[in-house]
Amino acid sequence: MGDGIVRMYQAHDVMNLSAWSIVEEFEASKAGVHSLSWCPSRFEAPMLVVGCQDAVVKVWEYSNDKRCWFISATLDGHANGPIHDVCWAPSLGR
């Protein structure tokens, strides 16, 4: 389940993947995070979707102006417990 913190790492040298540093970190859910998926679009702002222990899905978007992640949508009402998997739908040429 984890601690509910989303951490993004960056490799210092892509030829030597033994050294990584945290470049972003934020609390996605106090209840814990089970799944995460990056939005694959090259034309939208960076976004990710997070599935949480408390049956909530949160869509996070990166603000270049504020240089931080914020919740752009919350999808709740899932009655079957924790969200174990999330994924972006393919755009299929849109």
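Me: Why is His12 called exposed rather than buried?
Reply: In this predicted model His12 has a relative accessibility of 58%, and because exposed means over 50% relative accessible area, buried under 20% and partly exposed in between (1.4 Å probe, protein chains only), His12 counts as exposed. The residue is found in strand β1 (residues 5–13), where strands (E, at least two residues) are DSSP runs numbered from the N terminus. Residues are numbered from 1 along each chain as its sequence is written. Because the model is predicted, local features need pLDDT of at least 70 and side-chain atom pairs count only at pLDDT 80 or more, while totals for chains, interfaces and linings use all residues, and side-chain values use heavy atoms, with hydrogens and water left out.

Me: What does His12 touch, not counting residues up to four places away in sequence?
Reply: With contact taken as heavy atoms within 4.5 Å, His12 touches Ala19, Trp20 and Ser21.

Me: How do you know that Cys68 is in no disulfide?
Reply: A disulfide is a pair of cysteine sulfur atoms within 2.5 Å, and the cysteine sulfur nearest to that of Cys68, belonging to Cys52, is 18 Å away. Cys87 is likewise in no disulfide, the nearest cysteine sulfur, that of Cys39, being 10 Å away. By this rule the count comes to 0 disulfides.

Me: What makes Cys68 partly exposed and Cys87 exposed?
Reply: Cys68 has a relative accessible area of 30% and is therefore partly exposed, whereas Cys87, at 64%, is exposed.

Me: Why are β3 and β6 said to stand at the edges of the sheet?
Reply: The open sheet is formed by 4 strands in the order β3-β4-β5-β6, with antiparallel pairing, and two strands pair if DSSP finds at least two bridges between them. β3 (33–38) and β6 (68–75) each have a single partner strand, so one side of each is left without a neighbour in the sheet.

Me: How do you know that β3 and β4 pair?
Reply: β3 and β4 (residues 47–52) are joined in the antiparallel sense over 5 bridges, and in β4 Val50 is the bridge partner of Leu36.

Me: What makes a set of residues the largest nonpolar core here?
Reply: A nonpolar core is a set of buried Ala, Val, Leu, Ile, Met, Phe, Trp, Tyr and Cys residues joined through side-chain atoms within 4.5 Å, and the largest has 11 residues, including Val6, Phe26, Leu48, Val50 and Trp69. Strand β4 gives the most to this core, with 3 residues.
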